[in-house]
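The following exercises concern a predicted model. Each task is followed by a solution that proceeds step by step.

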Amino acid sequence: MPDGFELRGKRVLVVGLARTGVATALFCAARGARVTATDSRNQTEIGEAISKLQEAGVMLELGGHQEKTFLEPDLIIPSPGVPADAPHLRTARSKGVTIWSEIELAYRFMKGRLVGITGSNGKTTTTSLVEHILKTAGMPTILAGNIGTPLISCVHAMKDETWTVVELSSFQLELTEMFRPDIGVFLNLTPDHLDRHHTMQAYGAAKARLFENQIGGDAAVLNADDAAATPYAPSLPRVYWFSRKQRLAKGAYVRGEDIVFRQDGAEEMILKLEDIPLAGAHNVENVLAAVAATRLAGAPAKAIADGVRSFAGVEHRLEFVAEIAGVHYYNDSKATNVDATLKALDAFPGRILIILGGKDKASDYTVLQKPLREKAILALLIGAAAEKIEQQISGSVALELAETIEHAVELASHAAQPGDVVLLAPACASFDQFQNYEHRGRAFKDLVRQLEKQAAGATSRKR
């Protein structure tokens, strides 16, 4: 890790006061920086964080951004939701102002070793699984990043023996400079965030910054079955692979009914496919990636197997919610792009009533036509993207313009028969109607639990 970074006396501008921005502003202020924080929202919209920031001496510029504010600091830290090419940031960059993401600043203060995990899909499940396996192996761990806890909030808890496992988005990686994981994992690359990155080339390049600063003793882990990701394999660190489909010289792969890890010519059996508690072929890939990363981190094979077997899954990722009158309800609110929704559909044999929609990310929904035709019996469309999705999947499945998630769940509950699956897998961002995908997932689960109570009440009245 670097030898720190002197914040005392530095003029720091934090842009955006969501969870990461607030944590960054407080971190910098606590280390003697002269911090200004700016947000387009007003004080009422930001809420209780305002008092903490004011108590820490952070200067606030709310309700909009002034260009001159971006020209005065020594360092700007935009929140992940702020585009790197935003006009004020472009102006600041042209004047020589340093602009880092929060993970870059956090990296300057870290201790211990770092596993960084990125990809279009599966990041949260794989990150959680890697941390769970390392903890099962008795290794001190911290779970952080895009998974919910800003990396910068965890710096104080790090020790030399700590393994910090971090979920990393393209938004976080595109503004790094020295950030370097000991083990970097690139799961896959499918179209996503094209409203922000504009091209797949730019999106892939942002993800691949994960490997940019790695050195010879580090390790890079990539998906050998993903043709879009394999070209990003770096040259300097040791490269390992994972695969469901092919035998590898180095890495984790499926051999018959077993998952094995191969290194230095030796093949080691880790666990059986039937031991994986998570549904779907995509979760086999997530497990393979986690096996490779944790074995490289030094976890014994038995601890890896025990960790996989005992992993309970992650909220909002193909999360089973309830069975009501023989109908199974699943929350996959984290399916915020089309490829994630394809994987969710693939996890079930058929008779799916799927809830789609939200904020469009310049996605192509036509690729959903074939699996919807084969697997689904009804698509319930919600949010701002509903009309676009309707146009692009029309003719493949019965459609209902439900508009809201409340109406979608109500319609699904009336249409579903015993044995059916009601699946929230929206293929869109949530920001049109919800704060984030977690908010959307919790709303879905609350609605399903209301149905469950109603069904239980109806049953008891019949007795």
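**Exercise 1: the setting of Ala157**

Task: Determine whether Ala157 is buried, partly exposed or exposed, and describe its surroundings.

Solution. Step one: the relative accessible area of Ala157 is 38%. Buried requires a value under 20% and exposed a value over 50%, so Ala157 is classed as partly exposed.

Step two: Ala157 lies in the loop that runs between strand S7 (141–145) and strand S8 (163–167).

Step three: leaving aside residues up to four places away in sequence, Ala157 touches Ile142 and Thr162.

Step four: between Ala157 and Thr141 the C-alpha to C-alpha distance is 9.9 Å, with a separation of 16 residues in sequence.

**Exercise 2: the sheet**

Task: Establish the order of the strands in the open sheet, and state which are the edge strands.

Solution. Step one: the nine strands of this open sheet follow the order S7-S8-S6-S9-S10-S11-S12-S13-S14, and their pairing is mixed.

Step two: S7 and strand S14 (266–272) are the edge strands, as each pairs on one side only.

Step three: with direction ignored, neighbouring strands of this sheet are turned by 20° against each other on average.

**Exercise 3: S9, S10 and the packing helix**

Task: Describe how strand S9 is joined to strand S10, and identify what helix H10 touches.

Solution. Step one: S9 (residues 183–186) and S10 (residues 219–223) run parallel and are joined by four bridges. Ile183 has Ala219 in S10 as its bridge partner.

Step two: helix H10 (residues 281–296) packs on the sheet and touches S9, S10, strand S11 (238–243), strand S12 (251–255), strand S13 (258–263) and S14.

Step three: the direction of H10 makes about 35° with that of S13.

Notes. Residues numbered from 1 in each chain as written. Predicted model: local features only at pLDDT ≥ 70, side-chain atom pairs only at ≥ 80, totals over all residues. Heavy atoms only, no water. Helix = DSSP H or I, 4+ residues; strand = E, 2+ residues; numbered from the N terminus. Buried < 20%, exposed > 50% of the residue type's maximum accessible area, 1.4 Å probe, protein only. Contact = heavy atoms within 4.5 Å. Pairing = 2+ DSSP bridges. Axes fitted to C-alpha atoms, helices over the stretch in contact; angles between N-to-C directions.
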